[in-house]
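Trainee: Could you take me through one strand in the middle of this model, close up? I would like to know what lies beside it and how it fits into the rest.

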Amino acid sequence: MNRILALQFGNVYQRRSPGYILLSRLYTHPCYGWLDPVKEGAGLNIRDARHEGYVHASAPATLCLGLPDGDYEVTLTAFTRDAGCGPYAVAVNGTCVLPEVRLPVGRAVRHTFRARARRNRLSLKFTPQPGREFLVNTIEVRGPRTVTLRPIFRHAPPAVMPTRRILHRGRAPDPARELGRICDWLLAHRPPGGFLGDTYAPGG
């Protein structure tokens with residue numbers, strides 16, 4: 001199987017492992033993102049960049065990936081020096097695939113499982129046990145070489161703004177209008193606690 005997507009969680013300013021995409025709690029791409037609030041964290045003096053940053057939460061949270069319907073192989077990596085993380089369960093589109101992910105302090109764990117996308121979505125729900133937190137560092141998805149990512153929101157704006165060259169050629173909408181359209185979409189999809197995936201309260 002071909003590696004389709006490799007996400008490394010945490011703050012977008014941290015070290016990035018080659019071949020991985022840094023993904024924070026915020027909305028940054030129309031084809032993948034957190035649908036529920038999560039927190040970012042990072043360890044100190046971590047040799048492997050993949051284990052440095054992470055996201056965590058004490059409440060269930062869903063990571064949504066836009067993928068064509070079909071079967072995939074997903075690998076989860078988690079590493080922590082905090083005894084308060086785990087156990088937690090992982091479900092794919094409502095079906096539990098990992099009932100109890102345990103996180104030994106100071107030792108990385110990797111779990112690989114099969115997952116089936118439906119309606120162009122593959123949703124990974126992380127549910128910690130009461131009084132605990134889930135924590136995940138990376139997610140890798142493998143599948144057929146012909147697979148391309150699909151938007152998880154029907155009318156989401158593009159991942160990047162048109163380049164200056166394209167704008168000067170007059171092949172793109174007015175820059176200010178296009179930026180306004182993107183901001184309007186983000187505001188329209190803002191949950192009560194902030195932007196998509198954001199944990200900041202209004203005015204915080």
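Mentor: Let's start with a pair of residues: Cys 64 stands opposite Ser 123 in strand E11. Cys 64 belongs to strand E6, which covers residues 61–65. The model is predicted, so local features need a pLDDT of at least 70 and side-chain atom pairs count only at pLDDT 80 or more, while totals for chains, interfaces and linings use all residues. Residues are numbered from 1 along each chain as its sequence is written, and side-chain values use heavy atoms, leaving out hydrogens and water. The names E and H come from DSSP runs (strands are E, at least two residues; helices are H or I, at least four), numbered from the N terminus.

Now look to both sides of E6. With E11 (residues 122–128), E6 pairs in the antiparallel sense over five bridges; two strands count as paired if DSSP finds at least two bridges between them. On its other side, E6 pairs with E3, again antiparallel, over three bridges. There, Trp 34 stands opposite Leu 63 of E6. In general, strands of a sheet pair through backbone hydrogen bonds, either parallel or antiparallel.

How well is E6 covered? Five of its five residues are buried, so the strand is largely enclosed by the rest of the structure. Buried means under 20% relative accessible area, exposed means over 50%, and partly exposed lies in between (1.4 Å probe, protein chains only). In a regular strand the side chains alternate between the two faces of the sheet. In E6, Ala 61, Leu 63 and Leu 65 are buried on one side, and Thr 62 and Cys 64 are buried on the other.

Step back, and E6 becomes part of an open sheet of five strands in the order E3-E6-E11-E8-E9, with antiparallel pairing. E3 (32–34) and E9 (95–101) are the edge strands, each pairing on one side only. From one strand to the next, the twist averages 15°; for such angles, axes are lines fitted to C-alpha atoms (for helices over the stretch in contact), and values run from 0 to 180 degrees between N-to-C directions. Towards the E9 edge, E8 (residues 88–92) and E9 run antiparallel and are joined by four bridges, with Val 92 opposite Thr 95 in E9.

There is another open sheet of five strands, in the order E2-E1-E13-E7-E10, and its pairing is mixed. Its edges are E2 (21–23) and E10 (109–117). Neighbouring strands here are turned by 25° against each other on average, direction ignored. E7 (residues 70–78) pairs with E10 in the antiparallel sense over nine bridges, and Tyr 72 faces Ala 115 in that pair.

Finally, the whole protein: there are 13 strands and two helices. Of the 204 residues, 44% are buried. Among contacts (heavy atoms within 4.5 Å) between residues at least 6 apart in sequence, 73% join residues at least 24 apart. As for confidence, pLDDT, the predictor's confidence in each residue from 0 to 100, averages 86, and 87% of the residues score at least 70. Over residues 199–204, however, pLDDT stays under 50.
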